[in-house]
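Student: I'd like a close look at the pockets in this one, and at what sits around them. Can you walk me through it in one go?

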Amino acid sequence: MATLAVFNTMGEEVDKIDLSDNIFGAEVNETVVHKAVVAHLANCRQGTQSAKTRSEVSGGGRKPWRQKGTGHARQGSIRAPQWTGGGVVFAPKPRDYSQKMNKREKQIALFSALSSKVKDGKLIVVDAFNMDAPKTAEFVKIMQNLKAESPFVVTKEVNTNLVLSARNIPDADTATREEINVYDILKHDALVITVDAVKAIEEVYA
């Protein structure tokens with residue numbers, strides 16, 4: 001069972017916490033992690049792209065010139081793909097890009113992502129975020145105290161002041177325990193998580 005230090009927002013060690021080996025000490029399954037990331041990115045796609053084929057473009061019902069004797073190449077319609085304003089060959093159409101993973105695969109991928117952060121020393125446990133008001137400068141100072149670069153901050157419940165403080169920082173994201181996913185964990189360098197969030201995760205997957 002791994003034991004990590006618990007820090008306050010000043011970067012001072014105030015306690016220690018034991019992490020579940022099943023969740024934070026699992027063997028990293030790169031194949032399933034890759035599958036989870038691909039599925040996440042695919043599920044983010046709207047799939048609303050659309051273009052018209054030659055059968056859908058208006059006009060072009062008449063043959064532009066006779067078949068022979070003009071010196072031009074033969075043409076059947078001014079809305080053929082080779083014409084300006086013509087249809088698109090194999091035009092993209094709205095489609096569903098979503099991919100499914102079974103529950104066990106999702107768990108393995110999540111446990112692998114969390115365990116990789118522990119093994120790399122990139123999991124930082126914080127006692128709590130007590131911010132009186134949304135202040136980006138204060139959030140930046142806290143992350144500097146914790147030595148967390150490109151942080152992904154996870155709390156048990158929505159912390160409005162924390163979310164508003166972090167949203168203007170390009171390489172920082174926040175989420176609740178229910179919103180965490182493999183892609184966001186791996187996308188960021190540091191995973192900053194509160195004690196309550198750790199316990200909530202262990203209760204769900206106990």
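Tutor: Sure. Keep in mind that this is a predicted model. Let's start with the largest pocket, which has a volume of about 450 Å³. It is lined by 20 residues, and those closest to its centre are Lys-106, Leu-110, Ile-180, Asn-181 and Val-182. Sorted by class, the lining of this largest pocket comes out as 10 nonpolar, 5 polar and 5 charged residues.

Which helices supply the lining of the largest pocket? Helix H2 (30-44), helix H3 (103-119) and helix H6 (182-187) each put in at least two residues. H3 gives the most, with 5 residues. Lys-106 and Leu-110, listed among the residues closest to the centre, fall within the 103-119 span of H3. Val-182, also on that list, falls in H6 (182-187).

On to the second largest pocket, with about 180 Å³ of space. Going along the chain, its lining takes in Asp-127, Ala-128, Phe-129 and Asn-130, then Thr-155, Lys-156, Glu-157, Val-158 and Asn-159, and finally Thr-194 and Asp-196. By class, that is 3 nonpolar, 4 polar and 4 charged residues.

Several of those lining residues lead us to the sheet and to a helix beside it. Thr-155 lines the second largest pocket and belongs to strand S4 (151-155). Thr-194, another lining residue, belongs to strand S6 (190-194). Asp-196 also lines that pocket, and it sits in helix H7 (residues 195-204).

S4 and S6 are paired in the parallel sense over 4 bridges, with Val-154 standing opposite Ile-193 in S6. Helix H4 (residues 136-146) packs on the sheet here, touching S1, S3, S4 and S6, and its direction makes about 100° with that of S4.

Zooming out, the sheet is an open one of 6 strands in the order S2-S1-S3-S6-S4-S5, with mixed pairing. Its edge strands are S2 and strand S5 (173-176), each of which pairs on one side only. From one strand to the next, the twist averages 30°.

That leaves H7. Which of its residues are buried? They are Val-195, Ala-197, Val-198, Ala-200, Ile-201 and Glu-202. What do these buried residues pack against? Their partners are helix H1 (21-24) and five strands of the sheet: S1 (2-7), S2 (13-19), S3 (123-126), S4 and S6.

Note on methods:
Residues numbered from 1 in each chain as written. Predicted model: local features only at pLDDT ≥ 70, side-chain atom pairs only at ≥ 80, totals over all residues. Heavy atoms only, no water. 1 Å grid on protein atoms, 1.4 Å probe; cavity = no way out; pocket = protein on both sides within 12 Å on 5 of 7 lines; lining within 4 Å. Points joined across faces, edges and corners; volume = space filled by probe spheres on them. Nonpolar A, V, L, I, M, F, W, Y, C, P; charged D, E, K, R; others polar. Buried < 20%, exposed > 50% of the residue type's maximum accessible area, 1.4 Å probe, protein only. Contact = heavy atoms within 4.5 Å. Pairing = 2+ DSSP bridges. Axes fitted to C-alpha atoms, helices over the stretch in contact; angles between N-to-C directions.
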